[in-house]
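Reader: I would like to go through this model with you. Could we begin with the protein surface that faces the nucleic acid?
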Protein chains: 2
Amino acid sequence: MSDTLYTVTQLANDLGVTARTVRFYEDKALLNPRRAGNNRVYTHRDRARLILILRGKRLGFTLREIKEYLDLYDADPTRQEQMRALLKRVQARLDSLVEQEKALAETMAELRTIAQQTEAALAALPASEAPSKVRRAR
Amino acid sequence: MSDTLYTVTQLANDLGVTARTVRFYEDKALLNPRRAGNNRVYTHRDRARLILILRGKRLGFTLREIKEYLDLYDADPTRQEQMRALLKRVQARLDSLVEQEKALAETMAELRTIAQQTEAALAALPASEAPSKVRRAR
DNA sequence: ATCTCACTTAACGTATACGTCAACTTCTAT
DNA sequence: ATAGAAGTTGACGTATACGTTAAGTGAGAT
């Protein structure tokens with residue numbers, strides 16, 4: 001009944017990251033697994049937490065931001081404040097991405113212009129349309 | 001004529017960067033101004049070069065890539081090989097940006113989903129719809 | 001008993017593009 | 001002569017997310 005326990009390597013492989021990464025997250029206080037002697041032991045809760053972390057990363061949040069969110073999760077039993085905060089973050093990120101989208105479009109337009117101009121300039125060149133393989137075979 | 005000469009600070013201010021940046025580019029062999037004694041002196045050619053560098057940056061190329069391009073510019077009198085190389089780089093960058101665009105769209109979609117779900121969850125909450133300003137005024 | 005694997009901590013390395021001193025030298029103006 | 005502005009060369013600092021040794025511990029397998 002999902003009382004499975006994991007070692008670092010297991011959990012890491014399971015979620016497609018390295019053990020180093022998982023330990024790193026712990027160092028950054030994003031995870032806090034129990035120990036069996038000296039070794040880390042992860043529960044399904046830890047696993048869920050890590051999944052949240054990875055999702056946050058995919059969505060472009062920094063580890064610091066993710067940590068703030070997770071800290072709220074822990075400190076907010078009703079989860080209301082946490083959801084408000086989440087909403088704020090998500091909106092902000094969306095705004096930022098909208099801007100990125102614009103910038104991206106502009107950049108692509110400029111690159112396409114350059115490509116066209118360059119192609120035109122190359123086509124206007126008279127000699128050596130292709131680097132003739134037999135130029136003075138030696 | 002445009003035989004104007006610039007000092008680092010002048011050139012930097014002129015193009016909206018810091019003198020540190022201009023010197024940094026020289027350290028990276030992207031610029032190679034003359035000297036008047038110990039001081040850097042920039043010509044309109046140097047200025048044009050710097051403009052190219054900044055443009056490349058705007059378009060998302062690394063300084064290393066920009067340097068390769070500029071080196072070609074110097075070593076290729078006909079400018080043909082250079083233009084081919086440029087075309088290649090530009091195409092590659094465009095491909096990369098197209099992928100970024102996709103990833104961006106996916107990310108935004110996921111964020112919008114999260115936002116909606118969070119809003120719904122918040123709306124479903126009974127108490128304290130807004131953090132009432134007068135909660136037990138003390 | 002020894003090998004070998006998995007685990008541990010600590011700490012330096014990486015990539016990118018500069019920012020920010022520190023410590024001088026030089027030039028111009030007063 | 002001297003203050004002040006501007007220039008110079010190092011060289012370390014910054015931010016982010018880990019990678020990569022190094023050096024050692026504990027446990028099961030042979």
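Reader: How do the residues of the surface near DNA strand D divide into nonpolar, polar and charged?
Author: In this predicted model, the surface near DNA strand D has seven polar, six charged and four nonpolar residues.

Reader: Which residues are the closest to DNA strand D?
Author: The closest are A:Tyr25, A:Lys57, B:Thr7, B:Thr9 and B:Arg40, out of 17 residues that surround the strand. Of the atoms of DNA strand D that come within 4 Å of the protein, 72% belong to sugar and phosphate.

Reader: Which part of DNA strand D does A:Lys57 contact?
Author: A polar side-chain atom of A:Lys57 lies 2.7 Å from a phosphate oxygen of the strand. A:Thr18 has a side-chain N or O atom 2.8 Å from a phosphate oxygen, whereas A:Arg20 places a polar side-chain atom 2.8 Å from a base oxygen.

Reader: Which element gives the largest share of that surface?
Author: That is α2(A), with four residues.

Reader: Turning to the rings, how many aromatic pairs are there over all chains?
Author: There are two aromatic pairs. A:Phe24 and A:Tyr25 form a tilted pair, 6.3 Å centre to centre with 55° between the planes.

Reader: Is A:Tyr25 buried or exposed?
Author: A:Tyr25 counts as buried because its relative accessibility is 4%, under the 20% limit. A:Phe24, at 30%, counts as partly exposed.

Reader: And what lies over the face of A:Tyr73?
Author: A:Arg79 does, at 4.0 Å from the ring centre. In chain B, the charged end of B:Arg79 sits over the ring of B:Tyr73, 4.1 Å from its centre.

Key: Residues numbered from 1 in each chain as written. Chains lettered and ligands numbered in written order. Predicted model: local features only at pLDDT ≥ 70, side-chain atom pairs only at ≥ 80, totals over all residues. Heavy atoms only, no water. Phe/Tyr/Trp six-rings, centres within 6.5 Å; stacked < 30°, edge-to-face > 60°. Buried < 20%, exposed > 50% of the residue type's maximum accessible area, 1.4 Å probe, protein only. Lys NZ or Arg CZ within 6 Å of the ring centre and 35° of its normal. Near = heavy atom within 4 Å. Polar contact = N/O pair within 3.5 Å; in protein donor to acceptor, adjacent residues only side chain to side chain. Helix = DSSP H or I, 4+ residues; strand = E, 2+ residues; numbered from the N terminus. Nonpolar A, V, L, I, M, F, W, Y, C, P; charged D, E, K, R; others polar.
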